[in-house]
Amino acid sequence: MKRRTFVLAGLALAAATAAPADPVRLSADEIDTLLRGKRIEGDWNGTKYVQVFRDTGGTIYTAEGAPPDPGKWRVNAETDTYESWWERSGWSSYAIERDGAALYWVDSRGRRYPFKVQDAP
(Lines give C-alpha, C1' and ligand atoms only; values in the text may rest on other atoms or scores of the structure.)
Protein backbone atom coordinates (compact mmCIF):
# COMPACT_ATOMS: atom_id res chain seq x y z
CA MET A 1 0.00 0.00 0.00
CA LYS A 2 2.81 2.42 0.86
CA ARG A 3 4.56 1.66 -2.41
CA ARG A 4 1.44 2.44 -4.47
CA THR A 5 0.93 5.71 -2.59
CA PHE A 6 4.56 6.65 -3.23
CA VAL A 7 4.24 5.88 -6.97
CA LEU A 8 0.99 7.85 -7.29
CA ALA A 9 2.50 10.79 -5.42
CA GLY A 10 5.53 10.66 -7.72
CA LEU A 11 3.32 10.65 -10.82
CA ALA A 12 1.32 13.60 -9.51
CA LEU A 13 4.52 15.53 -8.82
CA ALA A 14 5.87 14.75 -12.31
CA ALA A 15 2.64 15.97 -13.91
CA ALA A 16 2.70 19.17 -11.89
CA THR A 17 6.32 19.93 -12.83
CA ALA A 18 6.14 18.82 -16.47
CA ALA A 19 8.05 20.98 -18.91
CA PRO A 20 6.02 23.75 -20.53
CA ALA A 21 4.99 23.41 -24.15
CA ASP A 22 7.58 24.11 -26.83
CA PRO A 23 7.82 27.65 -28.17
CA VAL A 24 5.44 28.38 -31.03
CA ARG A 25 6.69 30.16 -34.14
CA LEU A 26 4.33 32.93 -35.28
CA SER A 27 2.94 33.06 -38.81
CA ALA A 28 3.36 36.09 -41.08
CA ASP A 29 -0.20 37.24 -40.31
CA GLU A 30 0.40 36.90 -36.57
CA ILE A 31 3.66 38.86 -36.83
CA ASP A 32 1.97 41.66 -38.76
CA THR A 33 -0.85 41.90 -36.21
CA LEU A 34 1.63 41.77 -33.33
CA LEU A 35 3.90 44.58 -34.59
CA ARG A 36 1.85 46.93 -36.80
CA GLY A 37 1.35 50.24 -35.01
CA LYS A 38 3.02 48.97 -31.85
CA ARG A 39 5.95 49.87 -29.63
CA ILE A 40 8.21 47.17 -28.25
CA GLU A 41 10.77 47.11 -25.49
CA GLY A 42 13.47 44.50 -25.37
CA ASP A 43 16.98 43.45 -24.57
CA TRP A 44 19.44 42.72 -27.37
CA ASN A 45 22.67 41.20 -26.08
CA GLY A 46 22.43 43.18 -22.85
CA THR A 47 21.41 46.47 -24.47
CA LYS A 48 17.91 47.71 -23.71
CA TYR A 49 16.03 49.23 -26.62
CA VAL A 50 12.67 50.57 -27.78
CA GLN A 51 11.34 50.13 -31.31
CA VAL A 52 8.22 51.63 -32.88
CA PHE A 53 6.54 50.00 -35.91
CA ARG A 54 4.56 52.39 -38.11
CA ASP A 55 1.65 51.21 -40.26
CA THR A 56 3.49 52.65 -43.27
CA GLY A 57 6.44 50.23 -42.98
CA GLY A 58 8.75 52.67 -41.23
CA THR A 59 10.38 51.86 -37.90
CA ILE A 60 12.53 53.69 -35.38
CA TYR A 61 14.95 51.74 -33.18
CA THR A 62 16.43 53.47 -30.15
CA ALA A 63 19.06 51.60 -28.16
CA GLU A 64 19.74 52.78 -24.63
CA GLY A 65 22.22 55.66 -24.74
CA ALA A 66 22.13 55.96 -28.56
CA PRO A 67 20.29 58.26 -30.97
CA PRO A 68 17.17 56.97 -32.77
CA ASP A 69 17.89 54.89 -35.89
CA PRO A 70 15.20 55.01 -38.61
CA GLY A 71 14.64 51.95 -40.77
CA LYS A 72 12.01 49.90 -42.59
CA TRP A 73 10.10 46.76 -41.71
CA ARG A 74 7.98 44.17 -43.47
CA VAL A 75 6.68 40.65 -43.03
CA ASN A 76 7.62 37.86 -45.42
CA ALA A 77 4.60 35.58 -45.95
CA GLU A 78 6.70 32.92 -47.71
CA THR A 79 9.07 32.44 -44.76
CA ASP A 80 6.85 33.60 -41.86
CA THR A 81 9.53 36.04 -40.77
CA TYR A 82 9.87 39.67 -39.77
CA GLU A 83 12.35 41.58 -41.92
CA SER A 84 14.05 44.85 -41.06
CA TRP A 85 16.19 47.21 -43.14
CA TRP A 86 18.87 49.48 -41.73
CA GLU A 87 21.15 51.75 -43.71
CA ARG A 88 24.28 50.24 -42.17
CA SER A 89 23.32 46.59 -42.78
CA GLY A 90 20.52 46.24 -45.34
CA TRP A 91 17.73 43.66 -44.92
CA SER A 92 17.81 40.91 -42.28
CA SER A 93 15.11 38.53 -41.13
CA TYR A 94 13.99 37.05 -37.82
CA ALA A 95 11.42 34.52 -36.75
CA ILE A 96 9.24 35.43 -33.78
CA GLU A 97 8.40 32.84 -31.14
CA ARG A 98 5.86 32.83 -28.34
CA ASP A 99 6.82 30.79 -25.29
CA GLY A 100 3.87 31.02 -22.89
CA ALA A 101 3.40 34.77 -22.42
CA ALA A 102 6.97 35.62 -23.50
CA LEU A 103 7.94 36.78 -27.00
CA TYR A 104 11.33 36.37 -28.68
CA TRP A 105 13.10 37.47 -31.84
CA VAL A 106 14.98 34.43 -33.19
CA ASP A 107 17.98 35.08 -35.42
CA SER A 108 19.39 32.79 -38.13
CA ARG A 109 21.61 31.07 -35.55
CA GLY A 110 18.68 30.28 -33.27
CA ARG A 111 19.59 32.86 -30.63
CA ARG A 112 16.54 34.30 -28.85
CA TYR A 113 16.06 37.92 -27.76
CA PRO A 114 13.13 38.75 -25.46
CA PHE A 115 10.74 41.63 -26.04
CA LYS A 116 7.38 42.99 -24.87
CA VAL A 117 4.72 44.68 -27.00
CA GLN A 118 2.88 47.87 -26.06
CA ASP A 119 0.55 50.23 -27.88
CA ALA A 120 2.52 52.91 -29.74
CA PRO A 121 2.24 56.47 -28.45
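This is a guided tour of one predicted chain, stop by stop.

**Before you start**

The model is predicted: local features need pLDDT of at least 70, side-chain atom pairs count only at pLDDT 80 or more, and totals for chains, interfaces and linings use all residues. Residues are numbered from 1 along each chain as its sequence is written, and side-chain values use heavy atoms, with hydrogens and water left out.

**Stop 1: the whole chain**

Show the cartoon. The chain holds two helices and nine strands. Both are DSSP runs numbered from the N terminus: helices are H or I with at least four residues, strands are E with at least two. In sequence order the pattern reads α-β-α-β-β-β-β-β-β-β-β.

Switch to a surface. The accessible surface comes to about 8,200 Å², and 54% of that belongs to carbon and sulfur atoms. The areas come from the Shrake-Rupley method with a 1.4 Å probe; for residues, only the protein chains shown count as cover. Of the 121 residues, 30% count as buried. Buried means under 20% relative accessible area, exposed over 50%, and partly exposed in between.

Contact means heavy atoms within 4.5 Å. Among contacts between residues at least 6 apart in sequence, 38% join residues at least 24 apart.

**Stop 2: β4, β5 and β6**

Select residues 58-63 and 69-76. These are β4 and β5, antiparallel and joined by four bridges. Two strands pair if DSSP finds at least two bridges between them. Find Gly-58: it stands opposite Lys-72 in β5. This hairpin has five residues between the strands, and Gly-65 takes a positive phi near 80°.

Add residues 81-86. This is β6, which pairs with β5 in the antiparallel sense over five bridges. Label Arg-74 and Glu-83; Arg-74 stands opposite Glu-83 in β6. Four residues lie between β5 and β6 in their hairpin, where Asp-80 takes a positive phi near 55°.

**Stop 3: β7, β8 and β9**

Move to residues 90-99 and 102-106. Here β7 and β8 run antiparallel, with five bridges joining them. Ala-95 has Val-106 in β8 as its bridge partner. The hairpin has two residues between the strands, and Gly-100 in the turn has a positive phi of about 70°.

Stay on β8. Four of its five residues are buried. Which residue of β8 is worth a click for its partly exposed state? Try Ala-102, found in β8. Ala-102 counts as partly exposed because its relative accessible area is 27%. Draw a distance from Ala-102 to Pro-23: they are 79 residues apart in sequence and 9.3 Å apart in space, C-alpha to C-alpha.

Now add residues 112-119. Strand β9 runs antiparallel to β8, joined by four bridges. Trp-105 has Tyr-113 in β9 as its bridge partner. The β8 and β9 hairpin has five residues between the strands; Gly-110 in the turn has a positive phi of about 85°.

**Stop 4: the core**

Show side chains. The largest nonpolar core has 18 residues, and those with the most contacts inside it are Leu-35, Tyr-82, Ile-96, Trp-105 and Phe-115. Such a core is a set of buried Ala, Val, Leu, Ile, Met, Phe, Trp, Tyr and Cys residues joined through side-chain atoms within 4.5 Å. At least two residues come from each of α2 (28-35), β3 (47-53), β4, β6, β7, β8 and β9. The largest share, three residues, comes from α2.

Center on Ile-96. Leaving aside neighbours within four places in sequence, its contacts include Val-24, Ile-31, Leu-34, Leu-35, Tyr-82, Trp-105 and Phe-115.

**Stop 5: the largest pocket**

Select Trp-44, Tyr-49, Gln-51, Tyr-61, Tyr-82, Ser-84, Trp-86, Arg-88, Ser-89, Ser-92, Tyr-94 and Trp-105, which line the largest pocket. Elements giving two or more residues to the lining are β3, β6 and β7. The largest share, three residues, comes from β6.

On a 1 Å grid over the protein atoms alone, a pocket is an open set of points where a 1.4 Å probe fits, with protein on both sides within 12 Å along at least five of seven lines; lining residues have an atom within 4 Å of a point. About 250 Å³ of space lies in this pocket. Grid points are joined across faces, edges and corners, and the volume is the space filled by probe spheres set on the points.

**Stop 6: Thr-47**

Finish in β3, where Thr-47 is found. Is Thr-47 partly exposed or buried? At 32% relative accessibility, Thr-47 counts as partly exposed. Leaving aside neighbours within four places in sequence, Thr-47 is in contact with Gly-42, Ala-63 and Glu-64. Measure to Glu-64: the two C-alpha atoms, 17 residues apart along the chain, are separated by 6.5 Å.

Note on methods
Buried means under 20% relative accessible area, exposed over 50%, partly exposed in between (1.4 Å probe, protein chains only).
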